[in-house]
Amino acid sequence: MEFCPKCGALLMMKKTKAGCPRCSYTAKGRINMMMKEEVREHVAVAVVNEKDEGEVHPITDFVCKKCKHKKSYFWIRQMRSGDEPESKFYKCVKCKNTVRVDD
Ligand SMILES: [Zn+2]
Ligand SMILES: [Zn+2]
């Protein structure tokens, strides 16, 4: 932003040159009319909201006893005590039927 040295008015860009809108002053060169303001783009962050279980499990071949679908989510959960064997869980991709298989 530049101001007229004669009257102090804010200079405006005219056809080819900048000049004062109030008096006859004309700036010799171009003036910078741009406000130095960085435009920050809002970066949209996709939040995957897994409502189901809150976690994603790998899919494995496991025949659902309920609907005979051949694909199930698979995960292992260690029980509270270290002495107990870890349990395998299979959750049918189709009907969401979950079975627990102990070793
Ligand atoms: Zn002026
Ligand atoms: Zn099923």
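## Reading a strand residue and its sheet

Phe74 lies in strand β4. The model is predicted.

Me: How do I start with confidence? What pLDDT does the chain average?
Reply: Where pLDDT is low, the predicted coordinates should not be read in detail. Here the chain averages a pLDDT of 79. Of the residues, 71% score at least 70.

Me: Which element of the chain has the lowest mean pLDDT, and which the highest?
Reply: Strand β1, residues 12–13, has the lowest mean, 84. The highest belongs to β3, at 95.

Me: Next, secondary structure. How many helices and strands are in the chain?
Reply: Count the elements, then read their order. The chain has zero helices and six strands. Along the sequence the pattern is β-β-β-β-β-β.

Me: How do strands become a sheet? What is the order in the open sheet of four strands?
Reply: Follow the pairing, strand by strand. The order is β3-β4-β5-β6, and the pairing is antiparallel. β3 (59–61) and β6 (98–102) are the edge strands, each pairing on one side only. From one strand to the next, the twist averages 40°.

Me: Now the pairs. How many bridges join β3 to β4?
Reply: Three, and the two strands run antiparallel. β4 covers residues 71–77. For a single partner, take Thr60: its bridge partner in β4 is Ser72.

Me: And how many bridges join β4 to β5?
Reply: Six bridges link β4 to β5, residues 87–92, again antiparallel. Check the register with individual residues. Trp75 stands opposite Phe89 in β5. Arg77 stands opposite Ser87, also in β5.

Me: That leaves the other edge. Over how many bridges do β5 and β6 pair?
Reply: Five, in the antiparallel sense. Tyr90 has Val99 in β6 as its bridge partner.

Me: Hairpins have a connection to inspect. Which residue takes a positive phi in the hairpin of β5 and β6?
Reply: Look at the backbone angles between the strands. Lys96 takes a positive phi near 65°. Five residues lie between the strands of this hairpin.

Me: Back to Phe74. Why is Phe74 partly exposed?
Reply: Count the C-beta atoms around its own. Phe74 has 16 other C-beta atoms within 10 Å, so it is partly exposed. A buried residue needs 20 or more, and an exposed one has 12 or fewer.

Me: Which residues is Phe74 in contact with, leaving aside neighbours within four places in sequence?
Reply: Set the sequence neighbours aside, then list what remains. Phe74 is in contact with His57, Pro58, Thr60, Phe62, Lys88 and Tyr90. Take Lys88, 14 residues from Phe74 along the chain: their C-alpha atoms are separated by 7.2 Å.

Me: Zoom out. What percentage of the 103 residues is buried?
Reply: Whole-chain figures give the setting for a single residue. Buried residues make up 10% of the chain.

Me: And what share of the contacts with a separation of 6 or more comes from residues 24 or more positions apart?
Reply: Sort contacts by sequence separation. Residues 24 or more positions apart account for 17% of those contacts.

Technical notes. Residues are numbered from 1 along each chain as its sequence is written. Chains are lettered from A and ligands numbered from 1 in the order in which they are written. This is a predicted model: local features need pLDDT of at least 70, side-chain atom pairs count only at pLDDT 80 or more; totals for chains, interfaces and linings use all residues. Two strands pair if DSSP finds at least two bridges between them. Axes are lines fitted to C-alpha atoms, for helices over the stretch in contact, and angles run from 0 to 180 degrees between N-to-C directions. Two residues are in contact if their C-beta atoms, placed from the backbone, lie within 7 Å. pLDDT is the predictor's confidence in each residue, from 0 to 100.
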